[in-house]
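The following report concerns the metal sites of one structure. The sequence and coordinates are shown first.

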Amino acid sequence: MKPLKFYLITDTHYFKNSLGAYGKEYEEFMDSEQKCFAETQSINEATFKFLETADEADILLIAGDLTFWGERECHEDFTRLLYDFKEKSGKKIYVVTAGHDFKNNAFGFNENGRFPIESIEFSELYDYYKDFGYKDAIAFNKDHLSYVAQLSEDVRLLVICNDIESEKHITYDSEFLRWIEEQAKKAQSDGQMMIAMEHYPVLPGQPVLALIKDAWQAESQKLVETLADNGVHLIFTGHMHNQSINVTKTKKGNLFYDVCTGSVIGWPSFIRLVTLQDENTVDIKSIPTPEFDWDRKGLSSKEYLIAQFEKMIRTLITAMRDDPNRFMRKVNIQSSPAKEKLFSFIGKKLNKMTVGQFAHLLFIKADRNIKNDSFVEFAVDVVRSIFEGNQPYVEGTAGGDLLLKVFKRMSPFLKKMKDSQGNRLDFYETMKHTAGNYGIDDYNACFKLSE
Ligand SMILES: [Fe+2]
Ligand SMILES: [Fe+2]
């Protein structure tokens, strides 16, 4: 097989700035957002400009959530950007659409507050994106807006879509799984390598994310087996706006890798450069998205995106103290006067605690290098690193050892924990591998698709 290279980006969440993203209510909204909003047009333009001249590959994959909330004008603008890119660079684009791309209560902001914007219907997506995968597909499933693209002489891309007309975040039924199996088997009998792309992660990006239903493909094991046991060992995903590379093995002994990439318009913001060296060897590189044009108040693009991410986490922790009802709404806890008092009390304590004082509550001693640090800042860093990947809180580091002791203390109370798909989870192991990365490098890795 001839080596094949391509770029991949995801969660572009394009928003046409002139629609309106400013005002007091906008600023309040942005206190709790990971994604940029007003800046997304500029970030996308800079990213496509960079990719236009990036000369390592002439294929670009985009793994869904193309617009902010499926706004008609954003699709019009974004597809203009794609056509322009295609024409100037001569590169090919393959997309999958997702939940943010149709039938939403889209909105903008101006000096009078929030106002609604028209979003498009699922049935309109084909026309907007026909020239970015659908029209030239060698197999096409209209109901699922899913397809097979011939990327090169000997590599095929299977694009599967999880958000369709009738429902978003669907469980794949047996009919659709049969369609997937057929495509995989056909690739095998034609002597082709097949890789896949869908918006939803198939393996949880980090172990703790398995607790959240919306964080991964429903009944994911069925899909993993359908793909891996029929020769498809690699999928590219997005949705959770995190950077991760995970692997699992099916009962039949086949490996399956999920490469999840961060959103272009929020931290961590990266472009993947993928090289299929041969049918068994994959090389992944991560390229930071370029500097974008904006009044960044002296910050680099990276610092600017990190500041937005950290503001979201800090707002959540301070809301516990200042506005417990807002906190409960954000973390999906039903509010009551008793809970309001409880969270306000915990919030007040946590917001002025040091790491050492927090550890002391659990009868644990924190290392002297970190014991005087602010607990809030420590928590912000832990959460950020979970999304960032290559999490540094591993065994043998001051922060890692402290967290491992905390998890050990808590684990007797969480013995019966199950993930959102009913699988047993070992609390200690789940948290250990969430706080620290002991597996594959989440940014730059080279791996074999079969042993
Ligand atoms: Fe997204
Ligand atoms: Fe999404």
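Are Asp 65 and His 199 buried or exposed? In this predicted model, both Asp 65 and His 199 are buried. These two residues belong to the coordination of the iron ion (ligand 2), together with His 239.

The two iron sites are set out below.

| Ion | Donors | Distances | Spacing along the chain |
|---|---|---|---|
| iron ion (ligand 1) | Asp 11 (OD), His 13 (NE2), Asp 65 (OD), His 241 (NE2) | 2.1 to 2.4 Å | D-x1-H-x51-D-x175-H |
| iron ion (ligand 2) | Asp 65 (OD), His 199 (NE2), His 239 (ND1) | 2.2 to 2.3 Å | D-x133-H-x39-H |

Asp 65 acts as a bridge between the iron ion (ligand 2) and the iron ion (ligand 1), with 3.6 Å separating the ions. Asp 65 is found in the loop between strand 2 (59-62) and helix 3 (72-89), while His 199 occupies the loop between strand 9 (193-197) and helix 6 (220-228), so the pair ties together parts that are 134 residues apart in sequence.

At the iron ion (ligand 1), the angles subtended by the four donor atoms run from 86 to 170°, which makes the arrangement irregular. A further pair at this ion, His 13 and Asp 65, also links distant parts of the chain, 52 residues apart. His 13 sits in the loop between strand 1 (4-9) and helix 1 (24-30), and Asp 65 in the loop between strand 2 and helix 3. Both members of this pair, His 13 and Asp 65, are buried.

Conventions: Residues numbered from 1 in each chain as written. Chains lettered and ligands numbered in written order. Predicted model: local features only at pLDDT ≥ 70, side-chain atom pairs only at ≥ 80, totals over all residues. Heavy atoms only, no water. Donors = N, O, S within 2.8 Å, 3.2 Å for Na, K, Ca; no water. Helix = DSSP H or I, 4+ residues; strand = E, 2+ residues; numbered from the N terminus. Buried < 20%, exposed > 50% of the residue type's maximum accessible area, 1.4 Å probe, protein only. Tetrahedral: all angles 85-135°; square planar, octahedral: opposite > 155°, others 65-115°.
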